[in-house]
Amino acid sequence: MAKTFNDKDKDEFRTEGFEYLSRFFENSIAELSKRNSGIEATFRKIDANRFVAKAYRNGRSATSCTVFMGGMMGNGISYIARETTESNSHNEILTVEADDQALYFQSFGMTMGRGDRQKLSYEGAAELYWSMFIEPLQQGK
């Protein structure tokens, strides 16, 4: 049977998705620091709609990001590859979409080779943003 989803359903999905992303980053940051010598990372939840993550290699800033609800597209979850209070730009955005069976996130695919406009679950969305965050660490930057 086909389902229909209203604006309230989409808003709740986005909010629950953001909370999932926040917990995913907080837990992953803790593990990143434990498992990697010379890497220290921090997570800071600014408010109910924004958090910041930052990682240092041997005390030098290596990567950071800000993830927040809203922004230029209004109904999405945005990612900016730096620490900022701005909400008028992004490196990537996940919007809430629906088909006749489920709600899902869809990446704009603004970061080459990622997302590919797939239907993403909370976990898939978190993994996409986490991969963007740790890429500079993996490349040794």
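Student: How many salt bridges does the structure hold?

Tutor: Seven salt bridges. Keep in mind that we're looking at a predicted model. The general idea goes like this: side chains of opposite charge can pair when their charged atoms come close.

Student: Okay, can we take one pair? Which residue does glutamate 31 meet in a salt bridge?

Tutor: Glutamate 31 pairs with lysine 34, with 3.6 Å from N to O. Find helix H1, which covers residues 7-35. Both residues sit in that helix, three residues apart, so about one helical turn separates them.

Student: And is lysine 34 buried or exposed?

Tutor: Check the relative accessible area: over 50% is called exposed, and under 20% is called buried. Lysine 34 has 66%, so lysine 34 is exposed. Glutamate 31 comes in at 30%, which makes glutamate 31 partly exposed.

Student: Which residue pairs with arginine 44?

Tutor: That's glutamate 83, and the closest N and O atoms of this salt bridge are 2.4 Å apart. This pair links distant parts of the chain, since the two residues are 39 apart. Arginine 44 belongs to strand E1 (residues 39-47), while glutamate 83 is in the loop between strand E4 (76-80) and strand E5 (92-98). Arginine 44 is partly exposed at 43%, and glutamate 83 is partly exposed at 38%.

Student: What about arginine 82: which residue does it form a salt bridge with?

Tutor: Arginine 82 goes with glutamate 86, where the closest N and O atoms are 2.9 Å apart. Arginine 82 has a relative accessible area of 34%, so arginine 82 is partly exposed. Glutamate 86, at 35%, is partly exposed too. Elsewhere, salt bridges with shared partners join Glu31, Lys34 and Arg35 into one network.

Student: How many positive and negative side chains does the protein chain have?

Tutor: There are 18 positive and 20 negative ones. If you take the centre of each set, the two centres lie 6 Å apart.

Student: Let's zoom out. How many helices and strands does the protein chain have?

Tutor: Two helices and seven strands. Try walking along the chain from the N terminus: you meet the elements in the order α-β-β-β-β-β-β-β-α.

Student: What radius of gyration does the protein chain have, and what would a compact globule have?

Tutor: The chain has 15 Å. A compact globule of 141 residues would have a value near 14 Å, so the two agree. Measuring boxes are another way to look at extent: along the principal axes, the C-alpha atoms fill one of roughly 55 × 25 × 25 Å.

Student: How much of the chain is buried?

Tutor: Buried residues make up 43% of the 141 residues. On the outside, the chain exposes about 7,800 Å², with carbon and sulfur atoms supplying 46% of that area. You can also ask how far along the sequence contacts reach. Among contacts between residues at least 6 apart in sequence, 40% join residues at least 24 apart.

Student: Can you show me a buried residue? Where does phenylalanine 133 lie?

Tutor: Phenylalanine 133 lies in helix H2, residues 122-138. With 0% relative accessibility, phenylalanine 133 counts as buried. Not counting residues up to four places away in sequence, phenylalanine 133 touches several others, among them Phe25, Ile29, Leu32, Ala53, Cys65 and Tyr79. Now compare sequence with space: phenylalanine 133 and isoleucine 80 are 53 residues apart in sequence, and their C-alpha atoms are 9.6 Å apart.

Student: And alanine 126: which residues does it touch?

Tutor: Leaving out residues up to four places away in sequence, alanine 126 touches Tyr20, Leu21, Phe24 and Phe25. Alanine 126 is also found in helix H2, and at 0% relative accessibility alanine 126 counts as buried. Alanine 126 and serine 22 are 104 residues apart in sequence, yet 8.5 Å apart from C-alpha to C-alpha.

Student: One last feature: what phi does asparagine 58 have?

Tutor: Here's the background: most residues other than glycine have a negative phi. Asparagine 58 isn't a glycine, but its phi is positive, about 50 degrees. Look for asparagine 58 in the loop between strand E2 (50-57) and strand E3 (60-69). Its relative accessible area is 64%, so asparagine 58 is exposed.

Note on methods. Residues numbered from 1 in each chain as written. Predicted model: local features only at pLDDT ≥ 70, side-chain atom pairs only at ≥ 80, totals over all residues. Heavy atoms only, no water. Salt bridge = Lys/Arg side-chain N within 4 Å of Asp/Glu carboxyl O. Helix = DSSP H or I, 4+ residues; strand = E, 2+ residues; numbered from the N terminus. Buried < 20%, exposed > 50% of the residue type's maximum accessible area, 1.4 Å probe, protein only. Rg over C-alpha atoms; globule rule 2.2 N^0.38 Å. Contact = heavy atoms within 4.5 Å. Areas by Shrake-Rupley, 256 points an atom, 1.4 Å probe, with all protein chains shown as cover. Lys, Arg positive; Asp, Glu negative; His and termini not counted. Charge placed at Lys NZ, Arg CZ, Asp CG, Glu CD.
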